[in-house]
Amino acid sequence: MRGGWIAICRASVRNPPGPMSPRRSTTKRLAYAGLASGLALFTALIAWEGVREVARTLASAGTGLVWVTLFHLAPLTASALGWYALFGATTRPPFRTFAWGRWIAESINQLLPALHVGGNIVRAQLLARRGVPGPVAGASVVVDITLHLTGQLVFTTLGLCLLLAHVGGRALAGPVVFGLLTMALMVAGFLAVQHRGVFGAMSGLIARIVRSDGWSALSANAAALDGAIRGFYADRRRLGTSGVWHVLSWLLGAGEIWLALRFLGHPVGLATAVVIESLGEALRTAAFTVPGALGVQEGGFLVLGRLFGFTPDVALALSLAKRVRELALGVPGLVAWQLPRVSTLVGARARAAAPDGSQ
């Protein structure tokens, strides 16, 4: 995640390293390797359990998949409100800017091999285009990511406790405590490096090594971003409000699981839905190198499904219901993201092709 934050900072620099830099090339190779491995795992799981059975179970949801898709707008809105709450009433753009940015970012991170970095870079850029200073826009995304992870820690803790209560044994107590401590230490580490000015220190060191004008600009801009991050953390009231919205967004995500299983003909209680969603999302976060956690999510749902008595076709159909939602909202998001660029390109070509007198 630290690399993602540095990439967000880097995106606000006017002269970043060229597109053929070794770092970018390595990142691209890692992303496509994750895509290939995830696609192979996804295909193998579906084929092993039976394409026809899984497809029949998914089709049984019918138009319920539309309602599952529409319901996702609730956690998406809550997450956008968490980002929006970081700003004061006189300094923030309209809420629709934050909602638009969250939608575009989620579309990119779920459907493209962007290592969950590309979408966050884009939403920082979108905010900057609405008049927010570049370092402040980047800092808001860094802090928002941290609060989003903190909310996930709370949500995963709840899910693990509910799972432990469901299993009813002590065998999971050790792994549960170890997992929670690990996540807590990770979040604490992210907070510590932000407060200590990690962007200015790291980018300054790189600038001295590579001796590049682009990296020198990055170092200067990173120092401003460090200051903006500290400014966001100084307002505890806004941080608390933002954190509450992020926890709520995770909890609302469990409603999507609850609704999907009802339409698939296997209704469960809200506690079970929280367990499946919290642990499933924890797997997705851990598998950030695989676009959309392709295959990883399906494998996790198969394991969790066995704990709650689901047949493999139901577990995979549940995962595919989430995939349908990702495509239904994500594809329009990618189109909306690219439309301004396409319009600009078409307009430029039209002006270039027009006679001199008609421009």
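Of the 359 residues of the chain, 48% count as buried, where buried means under 20% relative accessible area, exposed means over 50%, and partly exposed lies in between, with a 1.4 Å probe and protein chains only. The model is a predicted one, in which local features need pLDDT of at least 70 and side-chain atom pairs count only at pLDDT 80 or more, while totals for chains, interfaces and linings use all residues. Residues are numbered from 1 along each chain as its sequence is written, and side-chain values use heavy atoms, with hydrogens and water left out.

Colour the chain by secondary structure to begin: it has 15 helices and zero strands, both being DSSP runs numbered from the N terminus (H or I, at least four residues, for helices; E, at least two, for strands). Among contacts (heavy atoms within 4.5 Å) between residues at least 6 apart in sequence, 75% join residues at least 24 apart.

Next, select I257, L261, I276, F310 and L318, the residues with the most contacts inside the largest nonpolar core, which has 33 residues; such a core is a set of buried Ala, Val, Leu, Ile, Met, Phe, Trp, Tyr and Cys residues joined through side-chain atoms within 4.5 Å. The elements giving two or more residues to this core are α3 (51–59), α4 (64–71), α8 (134–167), α12 (236–263), α13 (270–286), α14 (296–307) and α15, and α15 supplies the largest share, seven residues. Centre the view on I276, and the residues that it touches, leaving aside those up to four places away in sequence, are I257, L261, F301, L304, F308, F310 and L318. Apart from this core lies another, of 21 residues, among them A139, I145, L149 and Y233. In soluble globular proteins, nonpolar side chains tend to be buried together.

Move now to A321, which sits in helix α15 (residues 312–353) and is buried, with a relative accessible area of 3%. Beyond residues up to four places away in sequence, A321 touches L58, L65 and A260. A C-alpha to C-alpha distance drawn from A321 to L261 should read 9.3 Å, although the two are 60 residues apart in sequence.

Stay with α15 for the second largest pocket, where about 150 Å³ of space lies. A pocket here is found on a 1 Å grid over the protein atoms alone, as an open set of points where a 1.4 Å probe fits, with protein on both sides within 12 Å along at least five of seven lines, and lining residues have an atom within 4 Å of a point. Of the ten lining residues, select Q110, L111, P291, L294 and E326, the closest to the pocket's centre. The elements that give two or more residues to the lining are α6 (95–111) and α15, with α15 giving the most, three residues.

Select G159 next, in helix α8; G159 is buried, with a relative accessible area of 0%. Not counting residues up to four places away in sequence, G159 touches V274, V275 and S278, and its C-alpha lies 9.0 Å from that of A273, 114 residues apart in sequence.

Finish at T289, in the loop between α13 and α14, which is partly exposed, with a relative accessible area of 25%. The C-alpha atoms of T289 and H116 are separated by 8.0 Å, with their positions 173 residues apart along the chain.

Key
Points joined across faces, edges and corners; volume = space filled by probe spheres on them.
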